[in-house]
Amino acid sequence: MNPGQMDMILRLRRSGIHDIDVLRAFETVPREKYVEPADYVRAYDEISLPLPCASMLPPPFALAVMMQSAQIKIGHKVLVAGEGSGYLAALCGKLSARTYLVQRYQRLLLRAREIYSNTATANVTQRHGDGSRGWGGQAPFDRILVAGNLAKIPGSLLNQLAENGRIASIIAGQLTIYHDGQSRIILPLDIPDFESGKSKAL
């Protein structure tokens with residue numbers, strides 16, 4: 001583990017991330033592989049970093065608290081939408097039986113596929129599509145994580161949630177957990193707006 005990664009883990013602990021499995025995922029997934037080369041030295045800083053297609057990689061804490069609040073367990077089937085780098089899906093893949101990533105941009109899908117190949121990430125499956133529509137052919141999902149700010153949870157994602165499942169999403173700037181028909185606000189999170197639709201140009 002490099003010094004930047006070690007600092008990130010200590011910072012996550014101080015910020016209230018106590019789930020050992022979540023912390024272990026952050027220890028084993030190399031965040032620097034998911035940033036652009038110009039941002040390599042800032043990969044583990046607590047900041048958002050730019051990606052192709054005007055997308056952003058959220059800060060470590062935002063993703064860690066989403067994962068901790070979602071309570072992903074071994075054996076779960078997880079859907080990730082709204083985080084284009086593929087980093088969040090790789091993290092979830094360390095905790096779940098299988099993680100499914102829906103990418104709006106073909107360019108980001110190919111980029112993530114290359115990273116997964118180079119880092120031996122084996123249990124993440126991805127497709128080019130509209131994240132707000134989920135992945136009906138693979139539903140139901142035990143956990144759904146949406147790493148983009150929404151006005152409300154799309155009905156299609158609610159329909160793809162397994163019995164006793166959880167959705168972790170940012171609703172109007174608040175990390176919100178949906179479980180058993182009820183929504184619970186966890187804390188404020190500053191995340192860019194979720195982009196719906198499927199890009200045809202990129």
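User: In which strand is Leu187 found?

Analyst: This is a predicted model. In it, Leu187 belongs to strand β9, which covers residues 182-188.

User: Is Leu187 buried, partly exposed or exposed?

Analyst: The class follows from relative accessible area, with buried meaning under 20% and exposed over 50%. Leu187 has 22% relative accessibility, so this residue counts as partly exposed.

User: Which residues does Leu187 touch, leaving out those up to four places away in sequence?

Analyst: Leu187 touches Phe61, Val65, Gly173, Gln174 and Leu175. Take Leu175 as the example: Leu187 and Leu175 are 12 residues apart in sequence, while their C-alpha atoms are 5.5 Å apart in space.

User: Now the nonpolar cores. Which residues of the largest nonpolar core touch the most other members?

Analyst: A nonpolar core joins buried residues of certain types through side-chain atoms within 4.5 Å. Here the largest one has 47 residues, and Phe26, Met67, Tyr87 and Leu145 touch the most other members. Helix α3 supplies the largest share of this core, 8 residues. There is also a second, separate core of 15 residues, with Leu150, Ile153, Ile171 and Phe194 among them.

User: What does Tyr87 touch, again leaving out residues up to four places away in sequence?

Analyst: The contacts of Tyr87 are Met8, Phe26, Val29, Arg31, Tyr34, Leu57 and Leu63.

User: Phe26 is on that list. Which residues of helix α2 are buried?

Analyst: Helix α2 covers residues 20-28, and its buried residues are Val22, Leu23, Ala25 and Phe26. Looking down the axis of α2, these buried residues fall within an arc of 155 degrees, so they line one face of the helix. They pack against α1 (3-14), α3 and α4 (87-95).

User: Which residue caps the N-terminal end of α2?

Analyst: Asp19 does: one of its side-chain oxygens lies 2.9 Å from the backbone nitrogen of Asp21.

User: Asp19 also appears among the contacts of Gln68. Where is Gln68 found, and is Gln68 buried or exposed?

Analyst: Gln68 is in helix α3, residues 60-70. Its relative accessible area is 14%, and so Gln68 is buried. The side chain of Gln68 reaches the backbone oxygen of Gly16 at 3.2 Å. Not counting residues up to four places away in sequence, Gln68 touches Gly16, Ile17, His18, Asp19 and Val22.

User: How many salt bridges does the structure hold?

Analyst: Side chains of opposite charge can pair when their charged atoms come close. This structure holds 5 salt bridges. One of them pairs Glu46 with Arg11, with the closest N and O atoms 3.1 Å apart. Glu46 lies in the loop between α2 and β1 (49-51) and Arg11 in helix α1, so this pair ties together parts that are 35 residues apart in sequence. Glu46 is partly exposed, at a relative accessible area of 33%.

User: What separates Arg24 and Asp21 in helix α2?

Analyst: About one helical turn, because they are 3 residues apart in α2. Their side chains meet in a salt bridge at 3.2 Å, N to O. Arg24 is partly exposed at 44% relative accessible area, and Asp21 is partly exposed at 39%.

User: With which residue does Arg42 form a salt bridge?

Analyst: The partner is Asp39, and the closest N and O atoms are 2.5 Å apart. Arg42 counts as partly exposed, at 33% relative accessibility, whereas Asp39 is buried, at 7% relative accessible area.

How values were computed
Residues are numbered from 1 along each chain as its sequence is written. This is a predicted model: local features need pLDDT of at least 70, side-chain atom pairs count only at pLDDT 80 or more; totals for chains, interfaces and linings use all residues. Side-chain values use heavy atoms; hydrogens and water are left out. Helices (H or I, at least four residues) and strands (E, at least two) are DSSP runs, numbered from the N terminus. Buried means under 20% relative accessible area, exposed over 50%, partly exposed in between (1.4 Å probe, protein chains only). A polar contact is a pair of N or O atoms within 3.5 Å; within protein, one must be able to donate a hydrogen and the other to accept it, and residues adjacent in sequence count only if both atoms are side-chain atoms. Contact means heavy atoms within 4.5 Å. The arc is that of the directions from the helix axis to the C-beta atoms. A salt bridge is a side-chain nitrogen of Lys or Arg within 4 Å of a carboxyl oxygen of Asp or Glu.
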